[in-house]
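Please open the structure in a viewer and keep the sequence panel visible. The tour below proceeds by selection, one stop at a time.

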Amino acid sequence: MTLLLVEDDALLAETLVDSLGLEGHDVCHLADGEAARARLAVAGHGAELVLLDLNLPGCNGLAVLEALRRHDRDTPVLILTARGAVEDRVRGLDLGADDYLAKPFALDELEARVRALLRRRSPDPQIRIGALVLDTQHQRFTLENASLALPPREQRLLACLMRHAGEPVDKARLTEEAFQGDAMGDNAIEVYVHRLRKRLGHSGVALRTVRGLGYLLEEE
Amino acid sequence: MKRGDSLYRRLLGWLLLPLLVLGSLILIQAWVDAQRTADRAFDRLLEAASLAIAEQVQWQDDRLWLDLPPAALEMLATDAQERVFYSLVDRQGRLITGNALLPGDPRQGAEGEDTLLYRHIDWQGLSLRQGVRRTRVEDWRVREPFEVRVAHSREGRDALAARLWRANLAMILAMAALATVGLLLAIRAALTPLTRLRRAIRARDPRTLAPLELSLPRELAELRDTVNELLARMRRVRANQERFIGDASHQLRTPLAGLSARAELALRQDDPMRWKEALIAMQATSARTARLAVQLLSLTRLANPEYRPDRVPVELNALACQAVRDHWASCHRQGVDLGVENAGDEVWIHGIDWLLAEAIGNLIDNASRYGGRCVTVKVEHCPPRLIVEDDGPGIPEPRRMLMLRPFHRDRDDLAGSGLGLAIVDGIARTHGARLQLSTGHDGRGLRVVLQFPGDTS
Amino acid sequence: MNRPSRVASRWLLLISLVVTPAVADETLHYPAAPDNGPATSLVVHGALDLPQMQPLLEGFHRQHPDVTVRYRNLTTLALHERFLAAPDEADVLLSSAMPWQYRLANEGHARALASPAAQRWPAWARWRHELFAITFEPIVMVVNRAVIERFGEVRGHADLLALLERHAGALQGRVVTYDPATSGAGYTYAIEESRLSPRYWDLVAALGKAETALADTTAEMLDGLIEGRYLVGYNLLGSYAQERLANQPQLRIVVPEDYALVTQRLALIPRQAPHPQAAERFLDYLISETGQTVLARETPLGAIHPALDGPGTATALRQARGEALRPIAVGPGLLATLDDLKREALLTRWQREFARGE
């Protein structure tokens, strides 16, 4: 995946290029806003994802975003900015950015968000979370390369959690997904979660409880 | 500033108007006076003429008899050549002689009393002034009352009244002119302190907050004192800001110095293990510094009185859920179990969502940093409350208030910035909410409550 | 009758219709010249005889040919009463009865004249711009030369008094004066004199002592004087005397030196005059230099205009007599003259004094 990084700070840019490269992405770095705008203003810029800093020399980051969005609504854009004001955040999102990360941020966070954006963009036929893989086309689960057979409700539950991997999903949503309108008790979902946990065992994939919010699935 | 709304003109208007009214009143008074004086002067003629006629009335051959003195009538016509009328009337009102039957004195006089009446009459289309003398002929046998009525037209007295009034008019106009000139000069002189004030303010260095030193009259002195108070407040604010900036820059410098030194030290060494150790240490410090910088920004924004975002309706349950969502991952990394407990119904308050999110963020951050293993964000209604509770060591009661001061850190707290609770306190105050620190449930940990005013409408 | 005399008599008739010298209702008529644009009328009522009025009217007509003038000569009484009966008949009233003219003006029957000439008219000769004195006629004594030759000059009232007291016998029945009881003018002069002179009543007594004849009009007195019935006439109208005695060299007109009353004819424009503009023009003419010159030169009435000098003018008379002239004041004093009780009182006294002398 070719990612376009528009960031003027040398240290930060170098770090991001390296870390994202390690993830397996091709990162193209531009330090100047004007250059970025020129590149993104025309089709065929070739970027799968744009990481855009707002405080750029030459051309304001929002202008770059506007130039892109004029003809391209699909390429996801993640805004990075030192300005924490909510107006900037809102403006960025209004102008078409997909996500927003305030500096200073944790590298893990950035990587996770990049992954989420890319996942959204090209829904992989396969959802991979650690050793757990779901083939969405055939609805086949694989754990540590071994096929995982699940009853339908557990399948639906697990599929939902995998689709929102890293984010908490609330119980009501899970209940709906899993039981699809069947009348079950309030705690039925907990039983199924417990079952799934057992299956996942120590595979390096954890089904965590987020108190008050629901459950999430993540790689340990 | 409205064009034409000038203090000078207002003063002028407010002073000239009464002057004009007064002047008019004086003119009217002068006219009335002139009329009265003229009447008094000319009524003398009526008095004298009626007396001259009355003295010539006799009782003869059982009737009233008059040898009319022509001089009596001639004195009623002055240079203005007034029309002259006279009647002699007996007690029954019958005309004894005369060139006109003039109306008489309508009053009932006491017997034996001589009366003299002056009045204005409109007689046969003519405007006349009349004198009516009631008296009697006294003989040793007879006491016969009669009335002498004389009248003349008004040309002479009106001319005199006009002349008197014109003389007065000239005088009054001259005085009015003098008064107006005096007024203009006086107002100009009185308004000089304003000019002085304006000049003093203009002459100031725009950046200075030094008080205005200027001697002014009492009313302007109040203005000057108010301005000086404002300037004093601004000086305090500025001093505060400067102290804050000083503290802040000090706070930032220290960890940056540490980073720099550590890096320098590591570069001198060759052992990659040492480098790794150094990097770990440096990473921690720079993370801390980064957080400090963010918090400083929040605090500055909170302290800025010019920046007042509008309060909108905010639902606390949704806010709490979102906060937990946002911070769950980082808490989980630190091994802290972050959860949320919502109130049953929706809890709406008026506030600024991102400020409240920041407050919760700071509290969660504090709770997880200072030893809490389990941090819960709770929402209550009646009264609306946002609570962050942890099961860490908590803060002993006597030190709780101290924790709210910026840059104050507990002596055990090396990693913190000392700003977190100060920020939350600031946010609470912005929302008119109360910040309360207490012990968590089971008697351990810290419970921070943001209690909002009002009910859940 | 032959043709020329028929024509002549017809013309005479025509003229007589136009210029009718009827005594009861004398009129003069001056038709307007037809080629002077629209004609206006003017009706003048006056107590002046036609021969005296004629020069004035002719002079006016020459100046204002577009005005048709009609002058009616009436006695002062008729003039007054006719006016009261029909106040909108006449445009101008001219009368020698000063008290009555004054009364009309005083009661508001007159219209004010606002022309420049009126503004300049001397204050003693007008009242309020409503009443204008246009003539200046001294009241005179007429003395037969025989008396002068015999008894000496009679220059004034003092002389007359002395004459009457000393020579009452010689002058028995040969003196004439007005009867104040029957003559309006005579009464007016009497009342004025009684105010003027402290010795008036002595004079009246002296007249009584001389069995003075009492006449009603100046004409009567003049007739008698001319015929020689009377030798001394007292209080005659100077203008009339002058006219009639022009060719009577034996009679001397004496303007008294100690004091001499002066009567004035008063003109007014009635408020309801039918032709006010024409009336104003006429009155303006009367007080103009032109009109006044006509009065001075062509009538014996005397002119008041201060610019005029020479015989027949007030100015000349003042120069001759100065202080002695006592014009009857146009003022409210005239109302006393009209007062009934005053009249009764005065006449009673007059008759008493007159009888005392006898």
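**The sheet of chain A**

Begin by selecting strand 1 (residues 2-6) and strand 2 of chain A, which run parallel and are joined by 5 bridges. The model on display is a predicted one. Within this pair, Val6(A) may be highlighted together with Leu30(A) of strand 2, which stands opposite.

Next, extend the selection to the whole sheet. It is an open sheet of 5 strands in chain A, with parallel pairing and the order 2-1-3-4-5. Strand 2 (26-30) and strand 5 (99-102) of chain A form the edges, each pairing on one side only. On average, neighbouring strands of this sheet are turned by 20° against each other, direction ignored. Strands of a sheet pair through backbone hydrogen bonds, either parallel or antiparallel.

**Helices across the sheet**

Now add helix 2 (residues 33-40) of chain A. This helix lies across strand 1, strand 2 and strand 3 (49-53) of chain A, and runs at about 125° to strand 2 of chain A. Then select helix 3 (residues 61-69) of chain A, which lies across strand 3 and strand 4 (77-81) of chain A and runs at about 155° to strand 3 of chain A.

**A salt bridge in chain B**

Proceed to Glu47(B) and Arg44(B), whose side chains meet in a salt bridge with an N to O distance of 3.4 Å. How many residues apart are Glu47(B) and Arg44(B) in helix 1 of chain B? They are 3 residues apart in this helix (residues 7-55), and are therefore separated by about one helical turn. Glu47(B) is partly exposed, at a relative accessible area of 29%.

**Chain C**

Display chain C in full: it has 16 helices and 15 strands. Of its 358 residues, 55% are buried. Chain C exposes about 15200 Å², of which carbon and sulfur atoms supply 53%.

Within chain C, select Asp202(C) and Arg199(C), which form a salt bridge with the closest N and O atoms 3.4 Å apart. Asp202(C) is partly exposed at 29% relative accessibility, and Arg199(C) is partly exposed at 47%.

Move on to Arg229(C) and Glu227(C), a salt bridge in which the closest N and O atoms are 2.9 Å apart. Is Glu227(C) buried or exposed? Glu227(C) counts as exposed, at 56% relative accessibility, whereas Arg229(C) is partly exposed, at 42%.

**A network to finish**

Finally, return to chain B and select Asp39(B), Asp43(B), Arg129(B), Arg154(B), Arg157(B) and Asp158(B), which salt bridges with shared partners join into one network. Over all chains, the whole structure holds 57 salt bridges.

Key: Residues are numbered from 1 along each chain as its sequence is written. Chains are lettered from A and ligands numbered from 1 in the order in which they are written. This is a predicted model: local features need pLDDT of at least 70, side-chain atom pairs count only at pLDDT 80 or more; totals for chains, interfaces and linings use all residues. Side-chain values use heavy atoms; hydrogens and water are left out. Helices (H or I, at least four residues) and strands (E, at least two) are DSSP runs, numbered from the N terminus. Buried means under 20% relative accessible area, exposed over 50%, partly exposed in between (1.4 Å probe, protein chains only). Accessible areas come from the Shrake-Rupley method with a 1.4 Å probe; for residues, only the protein chains shown count as cover. A salt bridge is a side-chain nitrogen of Lys or Arg within 4 Å of a carboxyl oxygen of Asp or Glu. Two strands pair if DSSP finds at least two bridges between them. Axes are lines fitted to C-alpha atoms, for helices over the stretch in contact, and angles run from 0 to 180 degrees between N-to-C directions. Contact means heavy atoms within 4.5 Å.
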